[in-house]
Amino acid sequence: MQAPTISSESLHSCVIPHLDLGLHSFKWVKRKKRFNLYHNSCHGLLLRCRFSSCPSGTINLVPKTKKPSLGAAFALTWALDEPTTGNDDSPIQESDQLNDNDGANNKDGGDVQKRGIYRRQKLQNGRIDVRALALRLHSATTADDVESILKDMGNLPLQVYSTIIRGFGKDKKVDSAMALFEWLKRKSNEADSPIQPNLYIYNSLLGALKQAESFDFVDDVMSDMAAKGLLPNVVTYNTLMGIYIEHRKEAKVFELFEEMPTKGIFPSPASYSIVLLAYRRLEDGFGALTFFVEIRDKFQKGEIGKDNDGEEEEDWVDEFAKLENFTIRICYQVMRRWLVNSKNLSTEVLRLLKEMDKAGLQPGHEEHERLIWACTREEHYIVVKELYARIREMTSTEISLSVCNHVIWLMGKAKKWWAALEIYEDLLDKGPKPNNMSYELIVSHFSILLTAARKKGIWKWGVRLLNKMEEKGLKPGSREWNAVLVACSKASETSAAIEIFKRMVDQGEKPTIISYGALLSALEKGKLYDEALQVWKHMLKMGLEPNLYAYTIMASIYAGQQKFDIVDSIIQEMVTVNIEPTVVTFNAIISSCGRSNLGSVAYEYFQRMRVLNIAPNEVTYDMLIEALASDGKPRLAYELHLRANNEGLVLSTKAYDAVVESSESYGATIDVSALGPRPPERKKKVQTRKKLSEFCDLADVPRRSKPFDRSEIYKSQSEEDPR
């Protein structure tokens, strides 16, 4: 079948659609629509046409045009260039065929080929290699340079020039593109010249300038275009809006978009995407969302999605769905930017999520997870909590374990340890199965909670936390057991300390010196001296070296039993093993002497402190003065009070009253005024209820819990949560 012929003159003033005209067949190229801003265009260099004389006239292959469709790549580009469909990835890909009269039979053709200047640009059988021609024009910087190259080429179709210009934009050859454009203008001024730059040429040049990121000539091109009487179309507006995006002039983008309807131009899907992108550059998620809702309302009312003839376009349903996805993507990117911002914009993120819910736009599972990963600061916990809950509600997908671990970590960083525990419970109940990282994170959070309970002396919560760990399959370590033991010791809960120690051993956890020290302290406070001695011996049998705390407790126990020879041997042993006794050690001994009304013995140990160069503190003087006053030695107590005052120490009201009352009882004459004014009453210790409230605030645990059952001490809970 002979190929149809097309006169080259008919191609000079019109835009050719995508064709595939072979030598023996004629067919339209079946292509998937792409994000093409040139809706009246023939893109690419795979345009294969044979131009020859045809007595019957010409064939007009310009179909009815439609607005551009929005392709998959529209999210980050306004695609001023339609990719070609050849096998070559170069911007200039294939050859255009020319009429034989346009140079195929030019007598200079053979000479040019002989000189090797044309490379693959062979004028043979009416074909021209546009790629080779573009390569030759790469070095052109002026219209004269272009003239020297094209003078023997004849009149080529305008789409050849526009294709070369667009290729120059990809290669960032602005000088070459402008030189070719100036040459075209020069040719248009010649008498009877068939070369007249049309709107397509101007749009191609604007697109090339944008791709090359060279915006100095944009105003000149637009002015020249107006002088030629060419009215901009949607492609022109889209290109200009893209240029303003690159210039960070988002306000100009909005102005151009508002101007389009006043000029009778229907915005294309690309136009809407560029405006959305402007909101993205401004990090205005609310503006992008509002703009999309307006688009949707107009689309549903039939106000957009129609061509210039008022007919509904087939692809607008698909294009609108892509705009919707693009809006979701922009909102996600804006929220991510907010989260990495130095300011705390967590409330704005939550507000945008709610507005998206109202608009019926839902980010996907992956977007939610990426937003969680962007949360790294303490104040982000409210965002993470909301995003985690949303992912859990998506029954079709399973949350990533690494994301869950990140949530647990962040909740701990924000001191929301109980919330972190709830995430871990979800892993056990709903999946995915926790790994070693999950285990280590949650155990570290329990350790923090137990440490807080220890410091506050909230021993009941310590016991419940241990039970909670065992209930969830977490094995408490020595650190966790010790925290509860110390809390029991502080609260003087001797029986609880004993049972916790037993449970620790039964669970296979080896007690440490801290474990023994806490138990010894609890036994000492409960005056279970014999049991304390058994624990001491067991500790030594297990090969544990006593520390300062253990020695101090044992010295206090033996002082309470009035076995002062053993107390002296303990002090001597401490010195031998290079554990120097401290003021705490002697305070414990003096306190035990005071409880036994042994003021004189207490005073002897006070003197020994001075021998060992251990400076007494306020606690030392308080306890010693009270012991001497109770032992009937008011005068000595009075002198010690004066000494403390001279050392700059502020003693308690109780010590002051002990001196005055003892002097009156035993008839001792003292100068009360020398003691100074009576010290104010010291604040009483914080009550347990207040401590519990502080602990709940610190640990973010429920304030209201069921009454503590002492059976909880003996075994872990198996049915009910301590909350």
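# Exercises on a helical chain

Helix 10 is mostly covered, with 12 of its 13 residues buried. The model behind these exercises is predicted.

**Exercise 1.** Describe helix 10: its length, its buried residues and what covers them.

*Solution.*
- Start with the span. Helix 10 runs over residues 269-281 and has 13 residues. From first C-alpha to last it reaches 19 Å, close to the 18 Å expected at 1.5 Å a residue.
- List the buried residues. They are Pro-269, Ala-270, Ser-271, Tyr-272, Ser-273, Ile-274, Val-275, Leu-276, Leu-277, Ala-278, Tyr-279 and Arg-280.
- Find the cover. It includes helix 8 (234-246), helix 9 (250-262), helix 11 (285-300) and helix 12.

**Exercise 2.** Is Glu-283, in the loop after helix 10, buried, partly exposed or exposed, and what is its phi?

*Solution.*
- Place the residue. Glu-283 sits in the loop between helix 10 and helix 11.
- Read the backbone. Its phi is positive, about 55°, although Glu-283 is not a glycine.
- Apply the cut-offs. Buried means under 20% relative accessible area, and exposed means over 50%. Glu-283 has 24% relative accessibility, so it counts as partly exposed.

**Exercise 3.** Carry out the analysis of phi and exposure for Asn-597.

*Solution.*
- Asn-597 lies in the loop between helix 26 (583-595) and helix 27 (599-611).
- Asn-597 is not a glycine, yet its phi is positive at about 55°.
- Its relative accessibility is 44%, so Asn-597 counts as partly exposed.

**Exercise 4.** At what angle do helix 11 and helix 13 pack, and which residues make the contact?

*Solution.*
- Two packed helices are described by the angle between their axes and the distance between the axes.
- For helix 11 and helix 13 (residues 346-359), the angle is about 5° and the axes are 10 Å apart.
- Angles under 35 degrees count as roughly parallel. Helix 11 and helix 13 are therefore roughly parallel to each other.
- Helix 11 contributes Gly-285, Phe-286, Leu-289, Val-293 and Arg-296 to the contact. Helix 13 contributes Glu-348, Arg-351, Leu-352, Glu-355, Met-356 and Ala-359.

**Exercise 5.** Which residues touch the most other members of the largest nonpolar core, and which helix gives the largest share?

*Solution.*
- The core holds 190 residues, and Leu-150 and Tyr-161 touch the most other members.
- Helix 12 (residues 316-340) supplies the largest share of this core, 12 residues.
- Now look around Tyr-161. Beyond its neighbours within four places in sequence, Tyr-161 is in contact with Leu-150, Gly-154, Leu-156, Leu-180, Trp-183, Leu-184, Ile-195 and Ile-201.

**Exercise 6.** Is Val-317 of helix 12 buried or exposed, and how far is its C-alpha from that of Gly-305?

*Solution.*
- Val-317 lies in helix 12.
- The cut-off for exposed is over 50%. Val-317 has a relative accessible area of 52%, so it is exposed.
- Gly-305 is 12 residues away along the chain, and the two C-alpha atoms are separated by 8.2 Å.

**Exercise 7.** Find the loop that holds Pro-432 and state the form of the peptide bond from Gly-431.

*Solution.*
- Pro-432 is in the loop between helix 17 (417-430) and helix 18 (436-456).
- The bond from Gly-431 to Pro-432 is cis, with omega near -10°.

**Exercise 8.** Summarise the whole chain: its elements, burial, contacts and surface.

*Solution.*
- The chain has 31 helices and four strands.
- Of its 723 residues, 50% are buried.
- Take contacts between residues at least 6 apart in sequence: 71% join residues at least 24 apart.
- The accessible surface comes to about 34800 Å², and 48% of that belongs to carbon and sulfur atoms.

Terms used: Residues are numbered from 1 along each chain as its sequence is written. This is a predicted model: local features need pLDDT of at least 70, side-chain atom pairs count only at pLDDT 80 or more; totals for chains, interfaces and linings use all residues. Side-chain values use heavy atoms; hydrogens and water are left out. Helices (H or I, at least four residues) and strands (E, at least two) are DSSP runs, numbered from the N terminus. Buried means under 20% relative accessible area, exposed over 50%, partly exposed in between (1.4 Å probe, protein chains only). Contact means heavy atoms within 4.5 Å. Accessible areas come from the Shrake-Rupley method with a 1.4 Å probe; for residues, only the protein chains shown count as cover. A nonpolar core is a set of buried Ala, Val, Leu, Ile, Met, Phe, Trp, Tyr and Cys residues joined through side-chain atoms within 4.5 Å. The expected span of a helix is 1.5 Å times one less than its number of residues. Axes are lines fitted to C-alpha atoms, for helices over the stretch in contact, and angles run from 0 to 180 degrees between N-to-C directions. Angles under 35 degrees count as roughly parallel, over 145 as roughly antiparallel, 65 to 115 as roughly perpendicular and the rest as oblique.
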